[in-house]
Amino acid sequence: MDKEHHMRAYRLTQGGGIEGLTRVDLPEPAPGPGEVAVRVRATSLNYRDLGVARRSAAAVIPLSDGAGEIVAVGEGARLAIGDRVCGCFMPHWRDGDVTPEYQRDALGGTVDGMLAEVIVLPAASVVRIPDYLSFEEAATLPCAAVTAWNALFEATHLKPGQTVLLLGTGGVSIFGLQLGVAAGMRTIVTSSSNEKLAQARALGAHATVNYREQEDWERAVLELTNGRGVDLVLEVGGVGTFAKSNACTRVGGSIVIIGALAPDQGGGLAPLVARNVRATRISVGSRRMFEDMNRALEVGGVRPVIDRVFEFEQALEAYRYLESQAHFGKVVVRV
Ligand SMILES: NC(=O)c1ccc[n+]([C@@H]2O[C@H](COP(=O)([O-])OP(=O)(O)OC[C@H]3O[C@@H](n4cnc5c(N)ncnc54)[C@H](OP(=O)(O)O)[C@@H]3O)[C@@H](O)[C@H]2O)c1
């Protein structure tokens, strides 16, 4: 590829927060042996990207999630020009259990991410996207959807008919809802907003609870399960919600520890050990999980829920919008 070609991109500024997001023009990268160059068509934001911007120790190109088409193929790469692909959140995690080595490199965190016109990736760390999905839709998958998949079908083994609790209506939770509905599970969704709860019911949520109107929402969840509790919680709240999640999980049920959206209420550990639950912390997922999930999405005809699409020049507005938590599902930036 001609070295004189430049591309549009963004970089974070060290310690600059989201306001430090800076438009730059960079030389277009070319793939080496075993690599591919992807022309990025759309990217999407995750809660994590707000934290990365705050903590950023280097001027990295942000965002783990994006979709595009291959425009150049290095020697020995197993893909073809024109293939529609996503990158994997952790470029080196292909299959098996996660390791510290895999966790060290994550797109848009420790290595350059997707908020650029072109990204070069190892051919083995991209995944073909289902034909029925647009680039905007596919761009939402690598972090939030794979995490929800991992929580439902890898870290735990839920069966159709069992009940899963989704906290709030952000990216991970809405994918958890859609995948759970597609797999025949009973789903309960909480939210701060009745409007968002109506949207969740339209997507198939069996029951909903407003956690702002009802501070003891765990009691409402228990009532919805006739006092038994849910089989699984996708725990995106962290220490601020864990005690309540635990209180409405059935004895012997599971909690998958994913996030830290909720402020610490200082509840202590005492209520957490009483119910014999399995609590498992997960880290997004492997390429194999991504590929398995794509098959399931295709069979179910599941379409990612995109709240808003921003243009490339509006990337900072997209960050601010995600931060406002006005969104339902995913926020996308077109490239
Ligand atoms: N471990 C992993 O592999 C992994 C992977 C992905 C994400 N995560 C983590 O998982 C969390 C969710 O990520 P995301 O990208 O899906 O976030 P997101 O889209 O930014 O989710 C924001 C939504 O979360 C809900 N929320 C906020 N505070 C809440 C609270 N106290 N209780 C219940 N819901 C609350 C709100 O929904 P309502 O407006 O409906 O109330 C809000 O709109 C983050 O902490 C993220 O870092 C971890």
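**Ligand shell, shared core and helix packing**

The shell around the ligand is made up of 14 nonpolar, 16 polar and 2 charged residues. In this predicted model, the ligand is surrounded by 32 residues, of which Gly168, Gly170, Ser191, Gly259 and Ala262 are the closest. Two or more residues of the shell come from each of helix H1 (47-55), H4, helix H5 (171-182), strand S9 (186-191) and helix H8 (239-247). The greatest contribution to the shell is that of H4, which supplies 3 residues. With respect to the domains, at least three residues of the shell are drawn from each of domain 1 (6-143 + 284-334) and domain 2 (156-281).

The domain assignment from which these bounds are taken divides the chain into domain 1, formed by residues 6-143 together with 284-334, and domain 2, formed by residues 156-281. The centres of the two domains, taken over C-alpha atoms, are separated by 28 Å. To the contact between them, domain 1 contributes 10 residues and domain 2 likewise contributes 10 residues. On the side of domain 1 that touches domain 2, the residues comprise 5 nonpolar, 4 polar and 1 charged.

The largest nonpolar core contains 97 residues, and those with the most contacts inside it are Val38, Val146, Ala148, Leu165 and Leu234. Helix H4 (residues 141-154) provides the largest share of this core, namely 9 residues. Because residues of both domain 1 (6-143 + 284-334) and domain 2 (156-281) enter this core, it lies between the two domains.

Two of the residues with the most contacts inside the core, Val146 and Leu234, were examined further. Val146 belongs to helix H4 and is buried, since 30 other C-beta atoms lie within 10 Å, against a threshold of 20 or more for burial. When residues up to four places away in sequence are not counted, Val146 touches Phe89, Leu141, Val284, Gly285, Met289, Phe290 and Met293. Between Val146 and Gly176, which are 30 residues apart in sequence, the C-alpha to C-alpha distance is 9.6 Å. Leu234, with its neighbours within four places in sequence left aside, is in contact with Ala148, Ala151, Val164, Leu166, Leu167, Val172, Ser173, Gly176, Val256 and Ile258.

The packing of individual helices was considered next. In H1, the buried residues are Arg48, Asp49, Val52 and Ala53. These residues cover an arc of only 140° around the axis, and they are therefore placed on the same side of H1. The opposite face, turned away from the buried side of H1, carries the exposed residues Gly51 and Arg55. Among the elements that cover the buried residues of H1 are H4 and helix H10 (315-324).

In helix H7 (residues 217-224), the buried residues are Trp217, Glu218, Val221 and Leu224. Viewed down the axis of H7, these buried residues fall within an arc of 115°, so that they line one face of the helix. They pack against strand S8 (163-167), S9, strand S10 (207-210), strand S11 (230-235) and H8; of these elements, S9 and H8 are also listed among those giving two or more residues to the shell around the ligand.

Positive phi values in residues other than glycine were found in two loops. Asn226, which follows H7 and lies in the loop between H7 and S11, has a positive phi of about 55° although it is not a glycine. Asn226 counts as exposed, because it has 7 C-beta neighbours inside 10 Å, where 12 or fewer is the criterion for exposure. Leu63, located in the loop between H1 and strand S4 (65-73), has a phi near 80°, again a positive value in a residue other than glycine. In contrast to Asn226, which is exposed, Leu63 counts as buried, because 32 C-beta neighbours lie inside 10 Å.

A further loop position, Glu311, is found between strand S14 (306-310) and H10. Glu311 is exposed, with 11 other C-beta atoms within 10 Å. Glu311 and Asn194 are separated by 117 residues in sequence and by 29 Å in space, C-alpha to C-alpha.

Key
Residues numbered from 1 in each chain as written. Predicted model: local features only at pLDDT ≥ 70, side-chain atom pairs only at ≥ 80, totals over all residues. Domains from an automatic or database assignment. Contact = placed C-beta atoms within 7 Å. Nonpolar A, V, L, I, M, F, W, Y, C, P; charged D, E, K, R; others polar. Core = buried A, V, L, I, M, F, W, Y, C linked by C-beta atoms within 7 Å. Helix = DSSP H or I, 4+ residues; strand = E, 2+ residues; numbered from the N terminus. Near = placed C-beta within 6 Å. Arc of directions from axis to C-beta.
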